[in-house]
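Student: I would like to learn how to read a few backbone and packing features. Can we go through them one at a time?

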Amino acid sequence: MLRQQDVGHRIVVRRIVGIREGRTLFSDALGELVELSETHITLATDAGPLRVPVAEVHRAKRVPPARRPTAAAVVALELAADEAWPAPVRGRLGDWRLRWADGWTGRANSALPVGDPDRPLPAALDAVQRWYAERGGTALVNTPLPLAAPVGAELDARGWAARPPVLVQTVPLRALATPPDAGLADAPDADTPPTAGPGGGAARARAGAAAATGAGLVCSHAGGLAPRTRPHRAHFDDVVADVLTTVTGLAERAAGLGVRRDGILIDPAHDFGKNTRHSLEITRRLAELTDTGWPLLVALSNKDFIGETLDLPVPERLEGTLAATAVSAWLGARVFRAHQVRETRRVLDMVASIRGDRPPAATRRGLA
């Protein structure tokens, strides 16, 4: 039978659906186990959520994960993501995509090796390194698996450092086959930047997609700028007040469009449309955001405001990141975007123990 550790895994359930002529009738269901209680189990199936009373379960067991997506599906997803959020500087090496955004984010500053680079693999990687060196950057290569496994093997042979793998999750679009309410396609509100959240037409459509699929939504303060735009002489009469007005307004609009309230996060978006002093002030005053009652996400890891505060390049910003993380956790932030996950988790556990929310993992001192 199933156990709590099976939650989150793929299972098959044979359930009793009736009796005909003295014979028990069964039906099988396959999906991800999302809930297991004393009375019911809930699966996420291709057809939608399925809740089965435990009394109707004849047998149930965990099964292997679904097979990997095809190479064509991986290529299509990577190219769609590249076109949807393009880097400001782009180049080509045969079919490979070269992307540069002055160091902002790994994805927008990495080569995407899909297709034929029009030359042998070693020569292609040499050309990638030269392209990034000409722009004053260090070459990064995004290796979507399994199709880019040969690229990854060549990089390993050259001694390149591998970053933690990224799990890409997708959601079926069947629920969006019917166009959302016309209100989702309205023109942007006069006082709401189109890129800030569910105020503009495209952003309202995103909120509609979240509402239709049950997905969560992050409502961020981008300072009115488009993604990948460097702020220039950004000015706010009160940056925290501006953030509060924007993100709480977006959150309430998203809830009004049907996004589940427990799936909405607010995010002050450190550095986005802001300078270093703005990001430092936001960090000092995070309690004003947590006091709104909306769960707060912060993305602090290796940000420019940390680099400028300590005058350090990206590879040397860990201590500053962890200090900002500890302060943010103490002031009530609940979700943290991190590159150094293990170190960040340890900091958060320590803060939680100081606050009295988490017992020590081991208490031996003075008790022997």
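Tutor: We will take strand pairing, then phi angles, then helix packing, bearing in mind that this is a predicted model.

Student: Let us begin with the strands. In what sense do E1 and E2 pair, and over how many bridges?

Tutor: Strand E1 covers residues 10–20 and strand E2 covers 23–36. They pair in the antiparallel sense, over 10 bridges. To follow the register, take Gly-18, whose bridge partner in E2 is Leu-25.

Student: How many residues lie between E1 and E2 in the hairpin?

Tutor: Two residues lie between them, and Glu-21 is in that turn.

Student: Which strand comes after E2 in a hairpin, and through how many residues is it joined?

Tutor: E3 is joined to E2 by a hairpin through three residues. Strand E3 spans residues 40–45, and its pairing with E2 is antiparallel over four bridges. Within this pair, Leu-33 stands opposite Leu-43 of E3.

Student: Now the phi angles. What sign of phi should I expect?

Tutor: In general, most residues other than glycine have a negative phi. A positive value in such a residue is therefore something to look at. Here Glu-21 has a positive phi of about 55 degrees, although it is not a glycine. Asn-302 also has a positive phi, near 60 degrees.

Student: Where is Asn-302 placed?

Tutor: Asn-302 sits in the loop between strand E11 (297–299) and helix H8 (304–310).

Student: Is Glu-21 buried or exposed?

Tutor: Glu-21 counts as exposed because its relative accessibility is 78%, and the cut-off for exposed is over 50%.

Student: And Asn-302, buried or exposed?

Tutor: Asn-302 has 12% relative accessibility, so it counts as buried; the cut-off for buried is under 20%.

Student: Last, helix packing. What describes two packed helices?

Tutor: Two packed helices are described by the angle between their axes and the distance between the axes. For helix H2 (residues 121–133) and helix H3 (residues 149–157), the axes come within 11 Å and cross at roughly 70 degrees. That angle makes H2 roughly perpendicular to H3, because angles of 65 to 115 degrees count as such.

Student: Which residues of H2 and H3 meet?

Tutor: On the H2 side they are Leu-121, Pro-122 and Leu-125; on the H3 side, Pro-150, Val-151, Glu-154 and Leu-155. By class, the contact has six nonpolar residues, no polar residues and one charged residue.

Key. Residues numbered from 1 in each chain as written. Predicted model: local features only at pLDDT ≥ 70, side-chain atom pairs only at ≥ 80, totals over all residues. Heavy atoms only, no water. Buried < 20%, exposed > 50% of the residue type's maximum accessible area, 1.4 Å probe, protein only. Axes fitted to C-alpha atoms, helices over the stretch in contact; angles between N-to-C directions. Parallel < 35°, antiparallel > 145°, perpendicular 65-115°, else oblique. Contact = heavy atoms within 4.5 Å. Nonpolar A, V, L, I, M, F, W, Y, C, P; charged D, E, K, R; others polar. Pairing = 2+ DSSP bridges.
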